[in-house]
Amino acid sequence: MPSRAPDRIFAALADPTRREVVRSLAERPGLTASLLAGELPMTRQAVAKHLKLLHEAGLVSSRRRGREALFELDPEPLGEAVAWIGSVGAE
């Protein structure tokens, strides 16, 4: 049975807002949901929902600094998605 990991990754990246969050975290690790919301046309709560989906897909991790959660991109799952694309494209 094939891995379900690419499904979660592609589903998470299907939304343009989540792709923008991934891009922001790739460029500037350690952003908070509030800082991300300041860059996007949405509330902090909406950004938090996007971050939760990215976390469930394994693309984002967080760490606490006092009362704030700092978010970072985990690029490893992106490699899994690229490998899947490469394996399909090579057939």
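**Figure 1. Phe 10 and its aromatic partner in the predicted model.** Phe 10 has a relative accessibility of 31% and therefore counts as partly exposed, in a structure that, as a predicted model, holds one aromatic pair. The ring of Phe 10 is paired with that of Trp 84, and because the two planes stand at 65 degrees, with the ring centres 5.6 Å apart, the arrangement is edge-to-face. Phe 10 belongs to helix H1 (residues 5-13) whereas Trp 84 belongs to helix H5 (residues 76-89), so the contact ties together parts of the chain that are 74 residues apart in sequence. Trp 84, with a relative accessible area of 44%, is likewise partly exposed.

**Figure 2. A salt bridge within helix H2, between Glu 20 and Arg 23.** The structure holds five salt bridges, and one of them joins Glu 20 to Arg 23, whose closest N and O atoms are 3.3 Å apart. Both residues lie in helix H2, which spans residues 16-27, and they are separated by three residues, about one turn of the helix. The relative accessible area of Glu 20 is 31%, which places this residue in the partly exposed class, and Arg 23, at 46% relative accessibility, also counts as partly exposed.

**Figure 3. The salt bridge between Arg 28 and Glu 39.** Here the side chains of Arg 28 and Glu 39 meet with an N to O distance of 2.2 Å. The pair links distant parts of the chain, since Arg 28 sits in the loop between H2 and helix H3 (33-39) while Glu 39 sits in helix H3 itself, eleven residues apart. Arg 28 is partly exposed, its relative accessibility being 32%, and the corresponding value for Glu 39, which is partly exposed too, is 43%.

**Figure 4. The salt bridge between Glu 72 and Arg 63.** In this view the side chains of Glu 72 and Arg 63 come together in a salt bridge, for which the N to O distance is 3.2 Å. Glu 72 has a relative accessible area of 27% and is partly exposed, because a residue has to fall under 20% to be called buried. Arg 63, at 43% relative accessibility, is partly exposed as well, given that exposed residues are those over 50%.

Technical notes:
Residues are numbered from 1 along each chain as its sequence is written. This is a predicted model: local features need pLDDT of at least 70, side-chain atom pairs count only at pLDDT 80 or more; totals for chains, interfaces and linings use all residues. Side-chain values use heavy atoms; hydrogens and water are left out. A salt bridge is a side-chain nitrogen of Lys or Arg within 4 Å of a carboxyl oxygen of Asp or Glu. Helices (H or I, at least four residues) and strands (E, at least two) are DSSP runs, numbered from the N terminus. Buried means under 20% relative accessible area, exposed over 50%, partly exposed in between (1.4 Å probe, protein chains only). Rings of Phe, Tyr and Trp (its six-membered ring) pair if their centres lie within 6.5 Å; planes under 30 degrees apart count as stacked, over 60 as edge-to-face and the rest as tilted.
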